Amino acid sequence: AADNEVAELGADIAALPALKSLDVANNQLRELPAALADCPRLKEANFRGNQLRDKRLEKMVNGCQTKAILEYLRAGGRGKGKVESAREDVRKKKREKQQKKDIGDGEQDEVEEASKLLVKILHVSENPAPLVVKVSPGVKDVRAFIVCCVLKGVNLKPGNALKRFLTMQTKLHEDICEKRTVATIATHDLQLVKAPLTYDVQPPDELKIMPLGRKEIKAKDLLRQLQLEAEEQRKQKKRQNVSGLHRYLQLLDGKDNYPCLVDAEGAVISFPPITNSEKTKIRKETRDLFLEVTSDTSLQICKDVMDTLILKIAELNRSALENREGSGSDAELDALGGPGNMNLPLVVEQVRVVDTDGNLKVLYPSKTDLATVSSLLTVIR
């Protein structure tokens, strides 16, 4: 936001918990809000080129690190001290109270509810062809837990929607999945998935997969190839750390069998925690997804990750449709069902995970699932 004639930064900036970098250089700011110190991830900030009232602060922004500036703001600074900050908080609360009074609490709740993302659940009993995943006994000692569902109505065509979708998945692997150590996500194009599916284990020299962007290969050879690539990468970059799939190789250390999801044709479509198959790769044209989360930690972690994954896809879907509405042609909008299409819910189809005798192990989403994200999602059950 540099060079934009910005005259004020509000205390509402504290409502951005993921904010890491802020550039508001060369604007018309006279003060910096103490609320900046409440942004937990803010590590880089550029406030240079603003005529700040607090001259000490102005010197600091030209020569000190962001951490020192935030500490100064947290302490109240010299310009707008703690007392003034407290007064502003009181005034803000009064304004919010008055706003609610003006609108009416009932209407306010309606507005908030209308802005939520919509997700409709299609129950197994209502589905003419529900998808089932059969689990073999061998996974118990390798990677015991799996949760699956189908998500219909996704739009990955506008702009960089597909790229953002893949980036979102990578971030979830880093954060909630703790670098794939507690869970792994796999996303597939439903049209390319040949049901029924089996969650199984196979020895490293028997498991064959066509990894994303590669030719068909045995799991044992794939891991060896990735290991060689990792060593080469270290040499070239002269670093200890490696990137991409190479970071997850140690997660399979010491295992005699590897977990895999196998389709009706006997093809491995997922090899957690390493890779998916090129066979079910998601493309811009993909509308319906088969989602899978596996873990060797707990079933609840699988469900929590799946809840978050559905929320993130719903957010991306709305964003893609809003961008399309703003920039697309009339023909494009008609194809999407017009601007009202943004209010159409994504449909989550329940998927049953059963044992080899057909006994139910997991049904997702159940009545209690998606509760962790209910503040942002309206779930039509």
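The legends below describe several close-up views of a predicted model.

The model is predicted, and local features need pLDDT of at least 70, side-chain atom pairs count only at pLDDT 80 or more, and totals for chains, interfaces and linings use all residues. Residues are numbered from 1 along each chain as its sequence is written, and side-chain values use heavy atoms, with hydrogens and water left out.

**View 1. Antiparallel pairing of strands S10 and S11.** Helices (H or I, at least four residues) and strands (E, at least two) are DSSP runs, numbered from the N terminus. Two strands pair if DSSP finds at least two bridges between them. Strand S10 spans residues 258–262 and strand S11 spans residues 268–271; two bridges hold the antiparallel pair. Leucine 261 stands opposite serine 270 of S11. The hairpin of S10 and S11 has five residues between the strands, and in this hairpin glycine 266 takes a positive phi near 85°. In a regular strand the side chains alternate between the two faces of the sheet.

**View 2. The hairpin from S11 to S12 and its cis peptide bond.** Strand S12 (residues 275–276) runs antiparallel to S11, and two bridges join them. Phenylalanine 271 stands opposite threonine 275 in S12. Three residues make up the connection of this hairpin. Proline 273 is placed in the loop between S11 and S12. The peptide bond that joins proline 272 and proline 273 is cis, with omega of about 5°.

**View 3. The salt bridge between lysine 279 and aspartate 263.** A salt bridge is a side-chain nitrogen of Lys or Arg within 4 Å of a carboxyl oxygen of Asp or Glu. Side chains of opposite charge can pair when their charged atoms come close. The side chains of lysine 279 and aspartate 263 meet at 2.6 Å, N to O. Lysine 279 lies in the loop between S12 and strand S13 (288–295) and aspartate 263 in the loop between S10 and S11, so the pair ties together parts that are 16 residues apart in sequence. Relative accessible area classes a residue as buried under 20%, exposed over 50% and partly exposed in between (1.4 Å probe, protein chains only). Aspartate 263 counts as buried because its relative accessibility is 5%, whereas lysine 279, at 27%, counts as partly exposed.

**View 4. The salt bridge between arginine 214 and glutamate 229.** A search of the whole structure finds 11 salt bridges. In one of them, the side chains of arginine 214 and glutamate 229 meet at 3.0 Å, N to O. Arginine 214 lies in the loop between strand S8 (208–209) and strand S9 (217–218), and glutamate 229 lies in helix H6 (residues 219–237), so the pair ties together parts that are 15 residues apart in sequence. Arginine 214 is partly exposed at 25% relative accessibility, and glutamate 229 is partly exposed at 29%.

**View 5. Helix H7, with a salt bridge and a buried threonine.** Lysine 312 and glutamate 315 both lie in helix H7, three residues apart, about one turn of the helix. The closest N and O atoms of their salt bridge are 3.7 Å apart. Lysine 312 counts as partly exposed because its relative accessibility is 30%, and glutamate 315 is likewise partly exposed at 30%. Threonine 308 is also found in helix H7, which covers residues 299–327. At 17% relative accessibility, threonine 308 counts as buried. Contact means heavy atoms within 4.5 Å. Apart from its neighbours within four places in sequence, threonine 308 is in contact with Leu172, Ile176 and Val373.

**View 6. The loop between S15 and S16.** Proline 365 has its place in the loop between S15 and strand S16 (377–380). A cis peptide bond joins tyrosine 364 and proline 365, with omega of about -5°. Leucine 370 is found in the loop between S15 and S16. Although leucine 370 is not a glycine, its phi is positive, about 70°. Leucine 370 counts as buried because its relative accessibility is 0%.

**View 7. Arginine 180, a non-glycine residue with positive phi.** The phi of arginine 180 is about 65°. Arginine 180 is found in the loop between helix H5 (161–174) and strand S6 (184–189). With a relative accessible area of 13%, arginine 180 is buried.

**View 8. Glycine 358 and lysine 134.** Glycine 358 lies in the loop between strand S14 (346–354) and strand S15 (360–364). Glycine 358 counts as partly exposed because its relative accessibility is 37%. Glycine 358 and lysine 134 are 224 residues apart in sequence and 7.6 Å apart in space, C-alpha to C-alpha.
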